[in-house]
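I sat down today to look through a new model, and these are my notes. I wanted to know how the pieces pack together.

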Amino acid sequence: MRTVLCYGDSNTYGQIPGGTPLERYPFDRRWSGVLQRELGNAWHIIEEGLSGRTTVRDDPIEGALKNGRTYLRPCMMSHAPLDLIIIMLGTNDLKVRFNQPASEVAMGIGCLVHDIKELAAGPRGHVPEILIVAPPPMHDDIKEWEPIFKGAPSKSRELALQFEIIADSLEVHFFDAATVASCDPADGFHINGEAHQALGIALAREAEAIGWN
Amino acid sequence: MPDMRFAPPNPLRIADRSSGLNAVSVRSYNERLVLSLLLQSEATTRLEIGERTGLSAQTVSVIVRTLEQEGLVAKGEAQKGRVGPPTVPLALNPEGAFSVGISIGATHTDIVLIDFVGSVRHHATIDNPTPDKSSNHSAFLATIKQAVEKLPLRARERLAGVGLALPHSTTHGHDEPAYFKALQSEIESQLGISVFVQNDITAAAAGESMFGVAKPLTDYLFFYLGANLHGRLVLNHQIHNGNSTLSFDVGILGLEAELHRQGQSVEPLWNRSGVWPDFGDLLTVWEDRLIEQMKRSYSSVAQFVDIKTIVLSSYAPHSVCEDICRKFERSTPHVKAIAGIVTPSPKAVGAAGLPFSSRFMVE
């Protein structure tokens, strides 16, 4: 049995584009569920999506609980041993309140990778395989979210390259979600059911392609 | 103390979004290691690459991704195994890189364009360049220029370089490595194309080793049957050039002389059509002489190293080479004789492999 942790934000939680934070796709239609279906029973998929989660930042408005770094350690400990950790974060770090360029968001992803390596919650105390997924870029029209995400759409288009640079330098796996999915125009930054399907299938192929012993 | 974890990222290779091939200098040792494996095997998986190189799955992933972005590597369809997760094979993208090989022969010059997996896309036979008294090698310059100008645009954009295979007679017994190096840098500076020069017999041996029957072989005695018969010893994939310029006049020139005496046409011997007419007994007599010489060479080498395989490469028809190999095996028990499959010009194809090995493989 291989265990996979899917660590993300509202797009891992499965929030429906244009809906309220309470509207959520069912598990089998969320990318983690699609991943489970594609990989089969020999894999155990753990879904950890929190709306508003950042990479490493305490959110002064939504609260410190949205900080992806502080929750990641206990989360890994509860689910160890982990074979693979998939991280798809970064969108929330682009909120105006943080005032960060894409490269700083990538540095935040780098912090998470260092923490994962340090804790070594993989089988027999090894470091788990780490797959960084760059979220699909936001649309320019982000509806009523404009004040919260002002300036974010153009930064979001730089995330993939910045994440890949970090992934390359820390020698971890990388996947650009924009190659298979895009955000839904309903709110401009959440992914719809079709995108969840495509992403789940693509990530299953990525998980399989890792040279597992 | 500064914390190196939070220094600016220092990627193995900055994710390269440009088209075309990267400069030579940025290709890391590990990347070459992975490409070497791919150039040596039909298809492999990331797991196999990891096992054979000792690199971690994540490092292999980074390298494979950059090679995919560059178009050098193509991802295959996942293969479902009966046990364990499916494996995803990786293979070189044939369209990923191209190379031109030029071989100056006794009478003709062969030019080939090969793709990244060694398939010959174009082949032309032209007259040998005429040496210009006022320059070292303007004749090569014109030939290379001509060859490159004929390439389709896509091949020109992804051209790894030009390999030039020169016979010992053309280099006039110059100190070869130094002469080749000087020639190489002069051509490069004049044409702006990467050029690699090598002895032609060594090139033919490299051709069979990279793209032909010798791919899985580590140790063997390599024979090249051209106008004359030449030999190279290959140990642990390394082609030993040595200083031996020895060749034997039992080659195709010998057959030509015999045909001449009998008043028969010699044209079919050199036209590279891969077919010879029925020469009857004459061929048998010539083959026997040739095999005698091969046996002598083999037994001299066998006194020093334990070699159980010989490879015979030639532009002579494959059926003729097969015939020679079978006869050799009958006369020398316990030795396997394999006829080469690199066509139409083993030397030119081998020369074309040179830019690939120099730019993409580990030494």
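My entries below go from the cores to the chain contact, then to a sheet and its helices.

**Entry 1: cores.** I kept in mind that this is a predicted model. I began with the largest nonpolar core, which holds 85 residues. Which of its members touch the most others? I found B:Ile102, B:Phe223 and B:Leu312. I then listed the contacts of B:Leu312, leaving out residues up to four places away in sequence. Among them are B:Phe223, B:Leu225, B:Cys321 and B:Ile324. There is also a second, separate core of 60 residues, including A:Cys6, A:Leu35, A:Met88 and A:Ala202.

**Entry 2: where the chains meet.** I looked up the contact between the chains next: 20 residues of chain A are in contact with 25 residues of chain B. On the chain A side, α4 (102–119), β4 (129–134), α6 (159–170), β5 (173–176) and α7 (193–209) each supply at least two residues. Which element of chain A gives the most? It is α6(A), with 6 residues. I sorted the chain A residues that touch chain B by character and got 9 nonpolar, 5 polar and 6 charged.

**Entry 3: a sheet in chain B.** I traced an open sheet of 5 strands in chain B, in the order β6-β5-β4-β7-β8 and with mixed pairing. Why do β6 (120–127) and β8 (195–199) of chain B each have one side without a neighbour in the sheet? They stand at the edges and have a single partner strand each, so one side is left free of a neighbour in the sheet. From one strand to the next, the twist averages 15 degrees. I also checked strand β5 (residues 108–114) of chain B, which runs antiparallel to β6(B) and is joined to it by 7 bridges. For B:Ile111, the bridge partner in β6(B) is B:Ala124.

**Entry 4: helices on the sheet.** Helix α7 (residues 200–211) of chain B lies across β4 (98–104), β7 (159–166) and β8 of chain B, and I noted an angle of about 105 degrees to β8(B). Helix α12 (residues 346–360) of chain B packs on the sheet too, touching β4, β5, β6, β7 and β8 of chain B. Its direction makes about 130 degrees with that of β7(B).

**Entry 5: a helix pair.** Last, I took helix α2 (residues 46–53) and helix α3 (residues 57–69) of chain B, whose axes come within 9 Å and cross at roughly 115 degrees. Is the crossing of α2(B) and α3(B) left-handed or right-handed? It is right-handed. B:Arg46, B:Ile49 and B:Gly50 in α2(B) meet B:Ala57, B:Val60, B:Ser61 and B:Val64 in α3(B). By character, the residues of this contact divide into 4 nonpolar, 2 polar and 1 charged.

Definitions and conventions:
Residues are numbered from 1 along each chain as its sequence is written. Chains are lettered from A and ligands numbered from 1 in the order in which they are written. This is a predicted model: local features need pLDDT of at least 70, side-chain atom pairs count only at pLDDT 80 or more; totals for chains, interfaces and linings use all residues. A nonpolar core is a set of buried Ala, Val, Leu, Ile, Met, Phe, Trp, Tyr and Cys residues joined through C-beta atoms within 7 Å. A residue is buried if 20 or more other C-beta atoms lie within 10 Å of its own, exposed if 12 or fewer, and partly exposed in between; C-beta atoms are placed from the backbone. Two residues are in contact if their C-beta atoms, placed from the backbone, lie within 7 Å. Helices (H or I, at least four residues) and strands (E, at least two) are DSSP runs, numbered from the N terminus. Ala, Val, Leu, Ile, Met, Phe, Trp, Tyr, Cys and Pro count as nonpolar, Asp, Glu, Lys and Arg as charged, and the others, Gly among them, as polar. Two strands pair if DSSP finds at least two bridges between them. Axes are lines fitted to C-alpha atoms, for helices over the stretch in contact, and angles run from 0 to 180 degrees between N-to-C directions. A crossing is left-handed if the near helix is turned anticlockwise from the far one by less than a right angle, and right-handed if clockwise.
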